[in-house]
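Dear colleague,

Please find below the structure that I am handing over to you, with its sequence. My findings follow directly after it.

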Amino acid sequence: PIWPLSAIGVSILVRRGTMNKKQELGIFITPGLTYSELSKAYWSAAESIFDSIVENHHLAKKDNQGLVSWALSTENSSKMFPAFYLYRHSVELMIKETLALANEAVKSKPPKNTHALDEIFKKLLIVTKEHCDERVYAAQNSSQAAVNRINAIDKRGTKFRYPGDNQPHESHCVLKIKEDYDEIHIAIEQA
């Protein structure tokens, strides 16, 4: 889903110059955005980037059985980095928002100073098991493997953020990473 920026308190100002038709873009964030609102904005941006790359920059080919496979060129695969960073940050914010709400209700302390998805997701599972419907816990628990796979690629949330955290010959399946993020996203939304 695409969330309009105005729905999350973001105003955009576009100004055109008269001589060279230069555009200036300013983004003004309304104070008081929630984790949820920011998470939706990050997810929406990631979806836009991902969809654009898949639709416009892939190399598709059919094999002799008619199956279509595709790959990204090296140049275009690096364009996935911002999308994967935004997906990860969105998921992290979703988990932290859910934990903050749960911790407020049960008067416990939320996790601090961590970006490790496996750690905060384990805390979410504990809270969900103790305080939510059994089906919600089951859905979230079933996505633990996806969290573990994402965490194995990007433990600290910096893999797709800083160039020094990338291994030169490291290879990951783009569609599998996307499927894992989708699975986690859906499971957390159920809380």
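In this predicted model, F84 touches several residues that lie more than four places away in sequence: F50, F160, V174, I177, K178 and Y181. F84 also belongs to the largest nonpolar core, a set of 31 residues, and is among those with the most contacts inside it, together with Y87, V91, I95, Y181 and I188. Two or more residues of this core come from each of α1 (35–56), α3 (80–106), α4 (117–131), α6 (144–153) and α7 (174–189). Helix α3 supplies the largest share, with 11 residues. In general, nonpolar side chains of soluble globular proteins tend to be buried together.

A second point concerns helix α5, which spans residues 134–142 and has V136, A139 and Q140 buried. These residues lie on the same side of α5, because they cover an arc of only 95 degrees around the axis. The buried residues of α5 pack against α4, α6 and α7, whereas the face turned away from the buried side carries the exposed residues E134, R135 and S142. At the N-terminal end of α5, D133 acts as a cap, with a side-chain oxygen 2.7 Å from the backbone nitrogen of R135.

Finally, a word on confidence. The mean pLDDT of the chain is 75, and 64% of the residues score at least 70. Among the elements, α6 has the highest mean pLDDT (90) and strand β1 (residues 10–16) the lowest (47). Over residues 1–5 pLDDT stays under 50, and the model has 8 contacts beyond four places in sequence for them. Residues 19–24 likewise stay under 50, with 9 such contacts.

With kind regards

Methods. Residues are numbered from 1 along each chain as its sequence is written. This is a predicted model: local features need pLDDT of at least 70, side-chain atom pairs count only at pLDDT 80 or more; totals for chains, interfaces and linings use all residues. Side-chain values use heavy atoms; hydrogens and water are left out. A nonpolar core is a set of buried Ala, Val, Leu, Ile, Met, Phe, Trp, Tyr and Cys residues joined through side-chain atoms within 4.5 Å. Buried means under 20% relative accessible area, exposed over 50%, partly exposed in between (1.4 Å probe, protein chains only). Helices (H or I, at least four residues) and strands (E, at least two) are DSSP runs, numbered from the N terminus. Contact means heavy atoms within 4.5 Å. The arc is that of the directions from the helix axis to the C-beta atoms. A polar contact is a pair of N or O atoms within 3.5 Å; within protein, one must be able to donate a hydrogen and the other to accept it, and residues adjacent in sequence count only if both atoms are side-chain atoms. pLDDT is the predictor's confidence in each residue, from 0 to 100.
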